[in-house]
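Subject: Structure handover

Hello,

Here is the structure for you to open. My notes on it follow below.

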Amino acid sequence: MFKKNRAFFCIGSLLFTMLLGCVHSYGTEESVSKVDILEKAKIGALEGISIEIGASKKEVVHNFGKPIRTGNSEYGFSMYYDGFSLEFEDYATSIDEIKEESKVVLINAEPKIVGITGKPNEISKSLGKPSRTILDDTGDNTYILEYEVINYLLIFTFDTDQSPVKYITLRIK
């Protein structure tokens, strides 16, 4: 009888430990994921992109090669890669005109690259209240959530306040 009870006790303890371990692990992963997104943004980085704001053109080309396409945009010269783009502090008509030391000032990325999806309310629930919410009602109803993280703005852009995130931007304030 003693051996039978001891066997049940051991099996019960093992199952309880496994269950407790799974619950604890899940909660930790979820918390780390939320913290990682904001912590990376604080240092000028986005998950899924191995370059940070402040990187030079030379570093970008070394890490990613030649871009799929290039052009000027709001903040400067842009280099487009599969799923993301990098904008530099200088304007130019070609990649060759950009100085090797020119710095990245903005990163745009598709949600699949960063690993963040969801509608505005889901992003807010996950990351907390944004610093600013913007509804562009001048024509296209674009909806934006902005998070201020030290020297940077982490921006989530949506087609509407009910649509999934369209793209994610990290830029210098």
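The structure holds 7 salt bridges. A salt bridge here is a side-chain nitrogen of Lys or Arg within 4 Å of a carboxyl oxygen of Asp or Glu. This is a predicted model: local features need pLDDT of at least 70, side-chain atom pairs count only at pLDDT 80 or more, and totals for chains, interfaces and linings use all residues. Residues are numbered from 1 along each chain as its sequence is written, and side-chain values use heavy atoms, with hydrogens and water left out.

Three of the pairs are described below, with burial given by relative accessible area (buried is under 20%, exposed over 50%, partly exposed in between; 1.4 Å probe, protein chains only).

E100 and K57 form one salt bridge, with their closest N and O atoms 3.2 Å apart. This pair links distant parts of the chain, 43 residues apart: E100 is in the loop between β3 (84-88) and β4, and K57 is in helix α2 (residues 57-64). Helices (H or I, at least four residues) and strands (E, at least two) are DSSP runs, numbered from the N terminus. K57 has a relative accessible area of 5%, so K57 is buried. E100 is partly exposed at 38%.

K173 pairs with E148, the closest N and O atoms being 3.0 Å apart. K173 lies in the segment after β8 and E148 in strand β6 (residues 143-149), so this salt bridge ties together parts 25 residues apart in sequence. K173 is partly exposed at 49%. E148 is partly exposed too, at 48%.

K40 and E47 meet through their side chains at 3.8 Å, N to O. K40 has 30% relative accessibility, so K40 counts as partly exposed. E47 is partly exposed at 35%.

Now the strands. Two strands pair if DSSP finds at least two bridges between them. Strand β8 (residues 165-172) runs antiparallel to β4 (residues 104-109), joined by 4 bridges. In that pairing, A109 stands opposite I168. β8 also runs antiparallel to β7 (residues 152-158), with 7 bridges. There, L154 faces L170 as its opposite residue. β7 and β8 form a hairpin, with 6 residues between them.

Finally, confidence. pLDDT is the predictor's confidence in each residue, from 0 to 100. The protein averages 83, and 79% of the residues score at least 70. Over residues 4-32, pLDDT stays under 50, and the model has 0 contacts (heavy atoms within 4.5 Å) beyond four places in sequence for them. Where pLDDT is low, the predicted coordinates should not be read in detail.

Best wishes
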